[in-house]
Amino acid sequence: MERQGERYDLSVPTEGEAERLDQFVARSVQGITRSAAQRLIEEGRVTVDDRVEKPSLKLRGGERVVVTVPPPAPAVPEAEEIPLVVLHEDGDVIVVHKPAGMVVHPAAGNPGGTLVNALLAHCTDLSGIGGEIRPGIVHRIDKDTSGILVVAKNDRAHESLSRQFHDHTVKRVYLALVYGSPREDKGRIEGAIGRHPTDRKKMSGTARHGKHAVTHWRVVARFTGVTLLRLRLETGRTHQIRVHMAEAGFPLVGDEVYGGAGRINNLRDPVLRKLIRELGRQALHAKTLGFVHPVTGEYLEFDTELPEDMARIIDYLERQGA
């Protein structure tokens, strides 16, 4: 039986043929399948000589492999009385405003305090998704991104919403603060996004096996050192806006993963630098969401104001007349 929540310190034998890292982990840790080993490696929970590597890495012998197996997440998330900002609710869907800092779905490292935990306590009329009494998550936004999400309450709604997201017919508009100032007032970024070739915790437009991604952007306001953009997603890949803007040379303010950390030192205004450090996250907000109701067929659209932390920065910049 697999021992969970433990750390395994392994040495690769020097004799024998070269072996893939995922095969070695699956063979060496009892109860770990090869697919589970690949997942642990991609999550950065396996190191080879203190480095995160790919599952396909060939081990030649003598390497030190450290595997950290997290404790299992509960099979069924627990309901938690967490305040929710509900924009719309009926018997089929619920539309909520997720604050920055809240994870959408329980996972290893975040078993509670998530949007799903909150929804299980709030929604008393879930008829279930796929035979389980749970909310149907059809799209997500990052933990540190604020904004609107729609969630299905039953299989019929889940199927309809999933199809709309797959067909790219859902209206999704974001506001973001980025470093720099694009030469044009609007544009379109297109390219495949997939797992970063060397850093498995990141996404990249240079991935060998990426998925097609399209982002439309338009300048809302230009300030000294930063620009406020309106972005419309044609597709919805993981970290899409963050990757597209960073690789275009305009990383999101506050985004420490995709190049937004070092750029703060280029700002001359000490007050602005202080406000950005206080933000503590990427300056990205899912402002508008529009979709066809899965049962009534009515088009619904919801809009939210910027959260206080982002609004505070923009208000300051506008007062400066920058």
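In what sense do strand 8 and strand 10 pair, and over how many bridges? They pair in the antiparallel sense, over 6 bridges. This is a predicted model, where local features need pLDDT of at least 70, side-chain atom pairs count only at pLDDT 80 or more, and totals for chains, interfaces and linings use all residues. Residues are numbered from 1 along each chain as its sequence is written, and side-chain values use heavy atoms, leaving out hydrogens and water.

**Strand 8 and its neighbours**
- Strands (E, at least two residues) and helices (H or I, at least four) are DSSP runs numbered from the N terminus, and two strands pair if DSSP finds at least two bridges between them.
- Strand 7 (residues 85-89) runs antiparallel to strand 8, joined by 4 bridges, and the two form a hairpin with 3 residues between them.
- Val95 is the bridge partner of His88, and Val150 in strand 10 is the bridge partner of Val95.
- Because 6 of the 6 residues of strand 8 are buried (under 20% relative accessible area, 1.4 Å probe, protein chains only), strand 8 is largely enclosed by the rest of the structure.
- Val93, Val95 and His97 point one way, and Ile94, Val96 and Lys98 the other way.

**Nonpolar core**
- The largest nonpolar core (buried Ala, Val, Leu, Ile, Met, Phe, Trp, Tyr and Cys residues joined through side-chain atoms within 4.5 Å) has 31 residues.
- Strand 8 and strand 10 are among the elements that give two or more residues to this core, while helix 3 gives the most, with 5 residues.

Conventions:
Buried means under 20% relative accessible area, exposed over 50%, partly exposed in between (1.4 Å probe, protein chains only).
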